[in-house]
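Here is a short guided tour to read alongside the structure. Keep the viewer open and follow the residues as they come up.

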Amino acid sequence: AVGQPGVSRARAVHKRTQTLLKEYKERDKSNVFTDKRFGEYSSTMSPEEKMMKRFALEQQRQHEKKSIYNLNEDEELTHYGQSLADIEKHNDIVDSDSDTEERGTLSAELTAAHFGGGGGLLHKKTPQQQGEEGEKPRSRRELIEELIAKSKQEKRERQAQREGALELTEKLDQDWKEIQTLLTHRTPNSENRDKKERPKPDAYDMMVRELGFEMKAQPSNRMKSEEELAKEEQERLQQLEAARLRRMRGEDEGSEARKPKHLSADDLNDGFVLDKDDRRLLSYTDGKMSIEEEQSREASDGESEEEQGEDLSEEDPENSSDPDGHSDLESDMDSEEDCGRPNGEPRQALGKGTTSIGHRAQEAARNQLPYTFAAPESYEELKSLLSGRTREEQLVVVERIQTCNHPSLAVGNKAKLEKLFGFLLEYIGDLATDDPPNLRVIDKLVVQLYNLCQMFPDSASDSIKFVLRDAMHEMEGAIEARGRAAFPGLDVLVYLKIAGMLFPTSDLWHPVVTPALVCMSQLLTKCPILSLQDVVKGLFVCCVFLDYVSLSRRFIPELVNFLLGILYIASPNKCGRGYTLVHPFRASGKNSELLVVSDKEDKATWQRRGLSLHWAYGLKAQNKTEANHTRLSCLAVCLALVKGCAQFYSSLPSFYAIVRPLRALLMEHLAGCSHPPELQELCQSALANLEEPEPRCRPLVCAKSKPEPLKLFTPRLVKVLEFGRKQGSSKEEQERRRLIHKHKREFKGAVREIRRDNQFLARMQLSETLERDAERKRKVKQLFNSLATQEGEWKALKRKKFKK
């Protein structure tokens, strides 16, 4: 506040009391009532203007809500609830059952008859009146009939008058039209010519009409949940299994459908369908009817049809329970034929055919795969279900076990399927250890393992970790016992491959993939190469390693070391090497030239093919040529892995320094050997990927700084005409200084006001605290006084009792 010191201070305190203190007291309150009526706080508007403006806003709001999507439609005006447009047309609807002129009026006789109790009608006439009239008194029924007839007569008269008026009106309308044409001096043809042509609808109007007639979207059936689909699939399999069991027992599937149905007398048998034409053509051979030939031909046709039916039932068992097979018609026809024959003849006539068909159907049902399976409780149960079946049947059995024991169908199905994953894993291990290993079935069962892993990831990870833990324990025990460990069997290698397919390998750390990586690293560093079988297993582990790190691009030094060792044992000349071999490879010894091929004929006849995993199981070469071809295939796989590593790790800064031994080994020893052309091309492509590229980045160089000029001691001369002012500054500089000075002053004033506001609030808080403390002291003092009074009264009462 600006003014005198005392007055300005009082004004400032009053202003803070009205604003700052009010905000301080309402700091924790959130409910505020705000009057948002139009013009409520406007002093320039009269009450009538406020009401008119509020009414206009309300009408506008309602109009916007109702006609927000209406185009070019005027507001409809009404009068007493009726549209003014309808009133102007003068379309008065005439009631055919009432008189227009005397509408709403009642005659005196009708009123007396209905509302007067009929007293007027039953009023007895005097004898004089009866003598004058010479009539007998009429009963009430006659009077009422006379009244009804009279009212009907009046109604007919009114209707006739109304029809006459309408005819006259139509006649006047026609006469007026003729007179009007004469008055205007225009013929109807001239009127049609002078009529303006209607404007053609534009593209927008046509689009609006098309959208109006366009078909609206219809709601479709909702998508079924996984639980509902599993329930439907289980019911379908149960129905198919029940039908198979009936066929196996020889029961008639359509017995219920073949039962004779009640036919009414009006039934025309419209649903009759003729499946086949049983009529026989009459023919003669040498003057005799050829009945036997026709019977033999029909028997042969029947047998062929039966065989085709059995094949179809075996291929598609679901079609055997087709409700549209018209089996009921055949049964009815057979029953009719049986009724027309003596006892025993139908069975004898159809003896061999029906019994053979029944036995064949039962045998087909027995050999057919069941549709429902219970979840196996042990590995032996699963093995008994899958053993002796083809690859497709094993997949169907596993799939139906999952379908019939879906977790949403029963409470204990989840635990059963978790056990099923472990049993399948053990079964895959047994398939890998068979002689020969059944790898095709393993490849198909991985899909079922993946589905179970997606449903139960925790139990699946525990099973895989248990298998890998056992393999590592066996390897550590062999190392402790013999000092070295051989490569594990094909089952462990398959488990490592499956782990990478079931779980993500790009994570930084994973409870299954990380132990698998450690296991493979141990295999490549602690298992020595003693035979071709070990070479194949080691290369398989390298391939699995590259699959694991294909996304994460992790550098695996054990992989590079193993490939270097494989190239070393495949190179014939090992003199002048500039590298050092690391365990499990040795520079010299029995297996230092395990992959060296010296026979030129074997090199010439070799063709590059995929290396079979049967070698990893222990398959031995039948002759020397086959062994040499396997060595060359191992070398080809190793070169392909070197090329893949170069493509993967080319972005690492120190990769080319790490793979320098590989490049030297390829250039000095393997590039000059007389290997087949395909191997030489593969070697050259690997060398091209291992060549270190030219450095594209320039070395860091300190930036050249500009030389600093010498300091000049020339004084700066400024004219000063007035004391304290510099005339050398321009107008913009003076304005800038003025604004800086004003800003400083305002800033100081704002800081001062904020400090005073804080002081004011502190005083208010202190006064509130003092008031609360004083109130508390007063209440405590009052409490102590009341307690002292009670204590005195109690002591006095105690003395009185003691005296008594």
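## The loop before α24

R553 sits in the loop between α23 (532-548) and α24. This is a predicted model, and R553 is a good place to start looking at the backbone. R553 is not a glycine, yet its phi is positive, at about 55°. As background, most residues other than glycine have a negative phi.

Is R553 buried, exposed or something in between? With a relative accessible area of 43%, R553 is partly exposed, because that value falls between the 20% limit for buried and the 50% limit for exposed.

## Helix α24 and its partner

Moving on from the loop, helix α24 covers residues 557-570 and packs against helix α27, which covers residues 624-648. The two helices meet at an angle of about 145°, and their axes are 10 Å apart. The crossing of α24 past α27 is left-handed.

Which residues make this contact? From α24 come L559, L563, I566, L567 and A570. On the other side, α27 supplies L635, C638, L639, L641, V642 and C645. In chemical terms, the contact of α24 with α27 is made up of 11 nonpolar residues, with no polar and no charged ones.

Another residue to pick out in helix α24 is N561. N561 has a relative accessible area of 17%, so it is buried, the limit for that label being under 20%. Once neighbours within four places in sequence are set aside, N561 is in contact with V582, H583 and F585.

## A threonine in the loop before α22

Next comes T505, which is placed in the loop between α21 (490-502) and α22 (513-526). T505 is a loop residue, and it is buried because its relative accessible area is 12%, where buried means under 20%.

What does T505 touch, beyond its neighbours within four places in sequence? Its contacts are G500, V513, D547, Y548 and S552. For Y548 there is a further detail: a polar atom of the T505 side chain lies 3.2 Å from the backbone oxygen of Y548.

## Two cysteines without a bond

If you are planning to look for disulfides, the count in this structure is 0. C519 is in no disulfide, and the nearest cysteine sulfur to it, that of C527, is 8.8 Å away.

Why is there no bond between C527 and C519? The sulfur of C527 is 8.8 Å from that of C519, its closest cysteine sulfur, so the two are too far apart for a bond; a disulfide needs the sulfur atoms within 2.5 Å. Both cysteines can also be described by their accessibility: C519 counts as buried at 3%, and C527 is buried with a relative accessible area of 0%.

## Places where distant parts of the chain meet

T17 is located in helix α1 (residues 5-18). T17 and F760 are 743 residues apart along the chain, and their C-alpha atoms are separated by 9.0 Å. Not counting residues up to four places away in sequence, T17 touches K22 and F760. The T17 side chain also reaches the backbone oxygen of V13, at 2.7 Å. With a relative accessible area of 32%, T17 is partly exposed.

A242, in helix α10 (residues 226-249), can be viewed in a similar way. The C-alpha atoms of A242 and Y371 are separated by 8.8 Å, with their positions 129 residues apart along the chain. A242 counts as partly exposed at 30% relative accessibility. Finally, Q684 is found in helix α30 (residues 677-690). Q684 and M667 are 17 residues apart in sequence, and 8.9 Å apart from C-alpha to C-alpha. Q684 is partly exposed, at 46% relative accessibility.

## The chain as a whole

Stepping back, how many helices and strands are there in the chain? There are 31 helices and 4 strands. The chain has 804 residues, of which 25% count as buried.

Contacts can be sorted by sequence separation too. Among the contacts in the chain with a separation of 6 or more, 72% are between residues 24 or more positions apart. The pairing of T17 with F760 is a handy example to display, since these two residues touch.

Note on methods: Residues numbered from 1 in each chain as written. Predicted model: local features only at pLDDT ≥ 70, side-chain atom pairs only at ≥ 80, totals over all residues. Heavy atoms only, no water. Buried < 20%, exposed > 50% of the residue type's maximum accessible area, 1.4 Å probe, protein only. Polar contact = N/O pair within 3.5 Å; in protein donor to acceptor, adjacent residues only side chain to side chain. Contact = heavy atoms within 4.5 Å. Axes fitted to C-alpha atoms, helices over the stretch in contact; angles between N-to-C directions. Left-handed = near helix turned anticlockwise from the far one by under 90°. Nonpolar A, V, L, I, M, F, W, Y, C, P; charged D, E, K, R; others polar.
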